[in-house]
Amino acid sequence: MEILDGKKVSNQIKEEIAVEVAKMKESGEKVPHLAAVIVGNDGASLTYVGSKVRSCERVGFESTLVQLPSTISEQELLNKIEELNQDDDIDGFIVQLPLPEQIDTQRVLLAVDPDKDVDGFHPTNFGKMALDMSTFIPATPFGILELLERYKVETKGKHTVVIGRSHIVGRPMSILMGRKGWPGNSTVTLTHSHTKNITQIISQADIVISALGVPNFLKAEMVKDDAVIIDVGITRVPDETKEKGYYITGDVDFENVSKKASYITPVPGGVGPMTIAMLLKNTLLARERHRSKK
């Protein structure tokens, strides 16, 4: 069994990006600039955005954090997004989800300029991804592809079972694993809460990608020997015995499943760090595109 070490690989990617940025600075070019919009004071969101800002500093990007009150109206937020769309200094930006209930998330994501949509959530970018065209791939699926590639995990002709059909992970992952090329060329089954015989389907999988958000859902008896296990789930489970009052776990019963797997991602330290690294990679790509347009 080999651990797919997202922490290690994300550090490698950040180092590669830092080298690119250093070259840009040397030749007097503008360095990539990533902005993050956060509405309200959600603890998990603030932590996540904070780590994105620190990662920008580490690779030499410029970064801007736009903090807005949770009481903001939808129109005010849309005005702010239009301001970022028009700002030539900003190469890419993200709107941290979830948004307060008075705001239509779909409307907000549609308002982001597809050329600056480094999260890869805009229908234009999603459609290009589905058609195998060059585009921004959503950061978490992009990170999973990168892990599979760097660890030389064979995907061609394999049966991949994706658990969960969210627009952010499950659905794009099912498209990407079935595309021509590598990683890809696998036969994909997309499962969800209404799938019958889900345990039986999972037991046939060569590769399992679980993005369900149910702690320890995937048990050892559900997977076959030597399966590749990608755990996207991350849940805070209350636990008074821990200093923080909780522990973090994924969708996979790691202790037991790891005994049967050929490759497995840990939680934390697997897919999570890769998501931020690939967001930086998308921002670098956005900067290069804007430069070539000019």
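**Reading a predicted two-domain model**

Me: Arg-150 is partly exposed at a relative accessible area of 28%; which limits separate buried, partly exposed and exposed?

Reply: Buried means under 20% relative accessible area, exposed means over 50%, and partly exposed is what lies in between, with a 1.4 Å probe and protein chains only. Before going further, note that this is a predicted model, in which local features need pLDDT of at least 70 and side-chain atom pairs count only at pLDDT 80 or more, whereas totals for chains, interfaces and linings use all residues. Residues are numbered from 1 along each chain as its sequence is written, and side-chain values use heavy atoms, with hydrogens and water left out.

Me: What is the partner of Arg-150 in a salt bridge, and what counts as such a bridge?

Reply: A salt bridge is a side-chain nitrogen of Lys or Arg within 4 Å of a carboxyl oxygen of Asp or Glu, and the structure holds 13 of them. Arg-150 meets Glu-16 in this way, at 2.9 Å from N to O. Since Arg-150 belongs to helix H6 (residues 139-150) and Glu-16 to helix H1 (residues 6-26), the pair ties together parts that are 134 residues apart in sequence. Helices (H or I, at least four residues) and strands (E, at least two) are DSSP runs, numbered from the N terminus. Glu-16 is partly exposed, with a relative accessible area of 39%.

Me: Where do Lys-23 and Glu-20 lie, and which residues are joined into one network by salt bridges that share partners?

Reply: Lys-23 and Glu-20 form a salt bridge at 3.9 Å, N to O, and both lie in helix H1, three residues apart, about one turn of the helix. Lys-23 is partly exposed at 49% relative accessibility, and Glu-20 is partly exposed at 33%. Asp-206 and Lys-224 make another salt bridge, their closest N and O atoms being 2.8 Å apart. That pair links distant parts of the chain, 18 residues apart: Asp-206 sits in the loop between helix H8 (198-203) and strand E7 (207-210), and Lys-224 in the loop between E7 and strand E8 (228-231). As for the network, salt bridges with shared partners join Glu-16, Glu-146, Arg-150 and Lys-281.

Me: How should I read a nonpolar core, and which residues touch the most other members of the largest one?

Reply: In soluble globular proteins, nonpolar side chains tend to be buried together. A nonpolar core is a set of buried Ala, Val, Leu, Ile, Met, Phe, Trp, Tyr and Cys residues joined through side-chain atoms within 4.5 Å. The largest one here has 49 residues, and those that touch the most other members are Ile-17, Phe-61, Ile-144, Ile-209, Ile-230 and Val-232. Helix H10 (residues 271-293) gives the most to this core, with eight residues. Because domain 1 (26-112) and domain 2 (137-271) both give residues to the core, it lies between them; the domain bounds come from an automatic or database domain assignment. The C-alpha centres of these two domains are 28 Å apart.

Me: What does Phe-61 contact, leaving aside its neighbours within four places in sequence?

Reply: Contact means heavy atoms within 4.5 Å. By that criterion Phe-61 is in contact with Ile-17, Val-21, Pro-32, Cys-56, Leu-280, Thr-283 and Leu-284, once neighbours within four places in sequence are set aside.

Me: What is the strand order of the open sheet of three strands, and which helix packs on it?

Reply: Two strands pair if DSSP finds at least two bridges between them. The order is E3-E2-E4, with parallel pairing, and the edge strands, each pairing on one side only, are strand E3 (62-68) and strand E4 (92-95). Strand E2 (residues 33-39) and E3 pair over seven bridges, with Leu-34 opposite Ser-63 in E3. Helix H2 (residues 43-59) packs on the sheet and touches E2, E3 and E4, its direction making about 170° with that of E2. Axes are lines fitted to C-alpha atoms, for helices over the stretch in contact, and angles run from 0 to 180 degrees between N-to-C directions.

Me: Which peptide bond involving Pro-183 is cis, and where is Pro-183?

Reply: The cis bond joins Trp-182 and Pro-183, with omega about -5°, and Pro-183 lies in the loop between H7 and E6.
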